Amino acid sequence: MTTTTYPQVLTRRMTEHPADSHTLARYEATGGYQQARAAMGMTREQLVETVKESGLIGRGGAGFSAGMKWSFLAPPRPSYLVVNGDESEPGTFKDRQLLERDPHQMIEGIIIASVANEVHEAFIYIRGEYPKPARRVQHAIDEAYAAGYLGDGIFGSDYQLDVTVHLGGGAYICGEETALINSLEGRRGEPRLKPPYFPAAKGLYMLPTIVNNVETVSNLPHILEMGADAYKALGHDKDTGTFLFSVSGHVKRPGNYELPHGITWRELIFDIAGGMLDGRELKAWIPGGASAPWFVPEEHLDMPITKDDCGQAGSMLGSGAVIVMDDSTCMVKAAERVVRFFAHESCGQCTPCREGTTWMQQILARIEEGHGRAVDLDLLLDVSDNISPGLAWPPKMTTICPLGPSAVSPVTSLAKYFREEVEAHVTEGRCPLG
Amino acid sequence: MADLVKITVDGKEIEVEAGTPVIDAAIDNGTYIPHFCHHSRLEPVGLCRMCLVELETPRGMVLTPSCTLPASEGQVIHTKTPVVDKAQEGVLEFLLINHPLDCPVCDKGGECPLQDQTLGYGPGESRFVEEKRHFEKPVPVSDLVLLDRERCILCSRCVRFAEEVAGDPLIEITARGNQAHIETFPDEPFSSYFSGNTVQICPVGALTATAYRFRARPWDLRKVESTCPHCTAGEAIEIDASQNQVLRFNGIDADATNQGWLSDKCRFGFEFIGSAERLTVPLVRDGDGFRESTWAEALDLVAERLGAVIESRGGEAVAGFGGARGTNEDAYAFSKFMRAVVGSNHIDARMDDAPAAELLAAVQPRATIGDLDTASTILLWGPDLKEEAGTLYLRVRQAVQKRGAKLVVVHPRRTGLDDRATWKFTYRPGTGFGTLEAFASGAGDFAEARKALDEGPVVAVVGLTGMTEDPTLATAVAAFAAGLPDAKILPVARRSNTFGALDMGCAPGLLPGRVSFGDADAVAAFEAAFGAVPDHAGLDTSGMLEGLANGDLAAAVLVGADPVRDVPDGALARRALEAADFVVALDLFLTDSSSLADVVLPAEGFAEKEGTFTNLEGRVSKVNRIVAGPGQTQPDWSILEEIARRMGRPMGFDSAETVAEEIATVAPAYADLRWRDVERKKPEGVLLDGGWYTPKAPAGPDVDADMVLHLARTLYDDGVAMRQSLSLHHLAPGGVAYLHPGDAERLGVTEGDQVVVVGSAGEATLPVRFDPSLPAGVVYVPFNQAGVPSLGAGAAVEVRSA
Amino acid sequence: MGMIGEFIKGLRVTSRIGYETVFKDGQLTTEYPKEFREKPQRFHGRHVLNRYPDGTEKCIGCELCAGACPAHCIYVRGKDNPPDAPVSPGERFGFVYDINMLRCIFCGLCVEACPTEAITMTHLFEMSVTNRDDAIYTKNELLVNEDGTPNHMFDEDPLADFEELKDGDGWMRATAPGGRAAYEGVIAWTPAAGKERPAEKGQTAEQDRTDEAEGEA
Amino acid sequence: MSWSPETVARAERIMQRYPERRSAVMPLLYLSMLEDGYLTDDGMREVAEWTGLTPVQVKSVASFYGMFKLRYTGKYLVSVCTSISCMLRGADDVMAAVEDEAGVPHGETDDDGVIAVEHVECIGACGGAPAVQVNYELIEGITPEQARDLVRWLREEQPDKIVADDLQERFGGTRSFDWAIRETEGAVGPFPAFGPYGTVAEEDRS
């Protein structure tokens, strides 16, 4: 639960009405479904233009303009809307809160997005490990059907819109939008080849498809309600609106925080999240989900949190997951855990990711166990280089999708900030932190 | 033809069709780009990442796989930059870290793309010190193919082939990430008729064929290009042999015919060549059995006995069967032998199981296999192509799947193409003429399909749907197709060189070069070349068999013919050969027919002799020798020449090439076609024209009976080559009676029960299996299965519970 | 001087060796077969096919020896290993193994080519035969006994020095780990069963191991 | 091999939700797990029939996803998150405690077939780390001692239905965020409890 003075948009209802923010009654009592009703009277152009103007950036992690994505939608119909609720990246748990606590907010967003994109069939893809959020959403959908907000002739118009909840099966890669589409088609969740770069051209069943994240969609009613300019004003420069940060790790108050961009990392970690646990020192943090290169206090603590600042510092805000590590943390172990995640979640389609991520994890595990060799860190970097040539950020890739290069971030971070710690593992034959 | 675009590869400007994968464009123009998952006959997937190149873009150089990059105007591609080299070396290192490196025991070692490309692009040494991934191995994925998962690099070529090309998605990648592996479902092996292709396209030694496994190493193989000896599509193959033993067939990518694919029968049906059962010395009848003899004795005996028959009863008392299993040259020698030496027109290469000879040899307008790629509608009224012409099946399938051609299938039961058919019509055998009439009129259900046929262009694939079909139905269907506004006809029949043999005049009504007896000038030309030619058409196979059985004919010459197994009325064939005064057989094996002969002469078989084949579209391709025939075997033409000389009428052949030379001078459709011309057009061969036969619609009565028989061939059966190919023979379905569940209920039987099927010429007791795809009142029995008596070609049958 | 000087220089070596052999060692020839001369360590005698200490054959029938052979004197055919009674480790074993000793030029390339050190050369050199067919050594003759000793064509051959010649591993190839002194004492890497392999002249295991370690780093 | 009429009815409802048959594979796989307790070969054959695929295609899809269990995984599947956020807050100790108490290592099911243990990647409870799921119902802020109690309790009580909020109250600690509401729906087996797929306890279905 957040206790800040920053304006709350997405999380206001759940903060103010913790007991029933998920019900249709509460949602309507707090102004819900008015924007969807209003959207029924608007044209596709008006809606796309409003969202473009609002500067809404997709909240899935890639940081692409939602309005632009909509405008790419190719003409052949039918088209589909898929809401990406396959939130699985370590450190991220914001969508779960939105799904559980305010499902109607998302459904209203779905209606707006559907009208804007002439969609009559929408799917909400929720990860399999989230049965409770799925149940909440399904109940909300049932309520919306009963109220005539979904189904045939919504809001008394002749517009038809069906929404289906599709439960995933436990595969992180399905968060990648083309993999998600494959999964929804009943295939292995393997990312598709690009081009086409956007499913808006060829998506579900090879038809035009819009894939938006849960948080992105949940923002839509608010953009319509307050207007693009007011929404923009909530944010900071290019980063419009508010942003949900999921803070976890060694902080006193982990949790989801709805914040504007532009505050500093110090404020986020030490004020909002309550500072370090047990009075220990901050050693490093991952700024934007497991795939982001790490930050360290000496260089980044007073940096403002914006997309551009993060990018210039060689990392990203991604999905807004901040994982904080204190000085008791073995960096090799932390890196191994992150790489292990990507190795485990690699779909296995393309060679560098399938073989490389597991290899990297094995080397890191060996170093952590004290069986590292002097050559191992350079070997790791070279293996990384073969997955992500040049080890630059944003990454180049020899792979089909960015999952492989994501596993490279912890290794480059280790080499950049913690080379001595890695070397100590090798020379001492054990973890120097005990 | 798509637009041409110019792209630049490593500074060299090349012109290619727009949309061609850049990798193909580069390789075709001399710049090799290494790859594993890419195969030009499969959809690009970009999995292996070996074919990475750098592409110049406004945002700088971009590393991208060249297999998924369609060529477009002005692209500039670099294949050998440091970035590309590093990436490729990295990919190879990744591929090798879990590879067992057991090249010395791997069948692919020596011809392995992974080996070759590691040498060319890979790292010198592995830096991987961890334990390699382990899987159980080798795992049989089918009766013919074994899988070694440790060698697999997950390029998914096999998976994609099975799904995209063969249409049998029975092999898949399972699990995820580092544990992903190839798998088949328990109790559902990869029993595709095309499974062997996966062995050929596997870029590592993960898939190996049981028939070839550990039999040789690539560097001690000798290779020769040839043409498949099993089906009539004329697939280009490469024969690999070592130590005078044929060890392997591989498909060659001939665009006009098989595009690299082979059915498993074609691929693994080479074992008969080296069979221990092969005849090696001439055999002469000695009481109930045979004794070995010398060539001189056997040939003298044949000349004497045949001469005696001709002298006492005239040349027209001699019947000639066969020619379809040999080369054109053998068939020509046989045809000339019967006409000029014996003086008989009773010769037929069809075993009473094919449409009219004129339809097969000279139909007009005739389609090519390639026409399937452009047809907007394909009419298939003939055999189940999956069972009888595997690569043609793949081509039709591809036309529908990739290009969206419409497919009309008319057949008495389910066929391999039903899942791709736009319209499927099932009818009872024996009611073909009525069905055709309704179909042609476009009545009722037929309306849409009929309309599509009018739109054209159409390719009509025409043949016999089964052996109880009236052979003239195919002519009627062809006549219907010929009457469509824009349609071509592709006739289909079984048995490797049937079309070549008919072209060479192994047909009662045709002289070599597709000459009909109605064409007086051409016949006169033959009289000049042959001495004398009987002036009227002879008897076909069933006529000759009846003639022999009732004594009208006295002697028979079998050239690679096994009528007892191959004609629908095997009992008649047996009676005929038993009744004949004298029978001489030129054969590879002591078959059910040749064992009834008086003299059996051991012939050279496929891969042991040179010559040409002609496929179902009239394409002539070369057949080559790579091993010596066993023992004292001789080629058919040479045996016939020896007999002719002893009969005092030498034909003048002293090599297969002299036969070919005579064909080129005498046979009109083959005028001036010489081996070197055929060789030069390798692997496609030379497409003949010269059709003159416009089918006219014969009408026939429909059979009206409670139960009718659908008797059709399966890919694997009890034919002579299959019986001697041990890897395949056990895959034949065996004797089964397929019944519609409703009929079975009426008969009071269920699956596994025995029924007696009483056909027009025999009866058989067979186990029942259900087949809901059959129309009511139809029993389907696969033809020529081991231990099943022949039933005869009559459609009306009686079925009762045993 | 010039040429003459060089000529004399050359003759000097010849005369010195001649002197040393004739007068110092005292003899030029040995009375073979009454006595045997010790053969050089890397003498190329006839081949043997070796076994692993557990008795399984090292040959996997890969035919690399046959492929490497410049005289085409080796004929090998592989076969599926029977899973219940494997002849060699792995899936494939050498089913037929013939060497035509009349063609063999004893170059040792087969040994270099062998990935499993299955074929090595011994000091056995008495191979006279009275019949051309006998010169084709089949797998029976080539394969060592269970104890690692080679078979001899003639058990009672008075000409053979059975003591020396029982050493199956006359020499090892130069291009594979087994040929390195670093493998001294590693039983699995000596071709003959159960024998330890001393380092060859001029090699020390210590040095070899150091080289190897440096090579890896 | 065939499904109960009730499951068939559910499958038919699911089929109607999708424009193409193949899309129903994953929901039907869950249904098949509900029917058999885990994903059997026969179950996959049945799904193949429904979706027009071959069984191996179904297996290819099923084996891609971690939650389709191809072998029996106990009445209760205890999944311990050991990804980075939970690891930082002591998940490895929780995992060790669960393994020790259940007597089986990662990926195994105990001899009685009651409890299966696995460590899993992030389950989206990083704010309440370390977290554990029992049949995909979440417990956050668990300590090693509580994890032991949980395993013991599961073995002794063997509840028919796993209700997240009950378990959270008994064995959990700090959550990622408050719910303030108590749910009564719960899981009846080692697959997600989600109504349309028929995997919620019978009395909860509306």
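These are my notes on a few backbone and strand details in a predicted model.

**Entry 1: strand E4 of chain D**

I started with E4 in chain D, residues 131–134. I wanted to know which side chains point which way. D:Ala131 and D:Gln133 go one way, while D:Val132 and D:Val134 go the other. That fits the textbook picture, since side chains in a regular strand alternate between the two faces of the sheet. Are these four buried or exposed? All of them are buried, on both sides of the strand.

**Entry 2: neighbours of E4**

Next I looked up what E4(D) pairs with. Strand E1 of chain D, residues 76–81, runs antiparallel to E4(D) and is joined to it by 3 bridges. Across that pairing I found D:Val80 opposite D:Val132, and D:Val132 is one of the buried residues from my entry above.

Strand E5 of chain D, residues 137–140, is another antiparallel partner, with 4 bridges to E4(D). Here I noted D:Glu140 as the bridge partner of D:Ala131. How many residues sit between E4(D) and E5(D) in their hairpin? I get 2. In that turn D:Asn135 has a positive phi, about 50°.

**Entry 3: cis peptide bonds**

Most peptide bonds are trans, so I went looking for exceptions. One is right before E4 of chain D: the bond from D:Ala129 to D:Pro130 is cis, omega near -5°. D:Pro130 belongs to the loop that links strand E3 (115–120) to E4 in chain D.

Chain B gave me another, between B:Lys137 and B:Pro138, with omega about -15°. Where is B:Pro138? I placed B:Pro138 in the loop between helix H3 (113–121) and strand E6 (139–140) of chain B.

**Entry 4: positive phi away from glycine**

Residues other than glycine mostly have a negative phi, so I checked for ones that don't. B:Leu154 is not a glycine, yet its phi is positive at about 55°. I located B:Leu154 in the chain B loop between strand E7 (145–147) and helix H4 (157–166). Why call B:Leu154 buried? Because its relative accessibility is 4%, and the cut-off for buried is under 20%.

C:Glu117 is also a non-glycine with a positive phi, about 55°. Its loop in chain C runs between helix H3 (109–113) and strand E4 (119–121). I half expected a glutamate to stick out, so I checked: C:Glu117 has a relative accessible area of 3% and therefore counts as buried.

Terms used
Residues are numbered from 1 along each chain as its sequence is written. Chains are lettered from A and ligands numbered from 1 in the order in which they are written. This is a predicted model: local features need pLDDT of at least 70, side-chain atom pairs count only at pLDDT 80 or more; totals for chains, interfaces and linings use all residues. Side-chain values use heavy atoms; hydrogens and water are left out. Buried means under 20% relative accessible area, exposed over 50%, partly exposed in between (1.4 Å probe, protein chains only). Two strands pair if DSSP finds at least two bridges between them.
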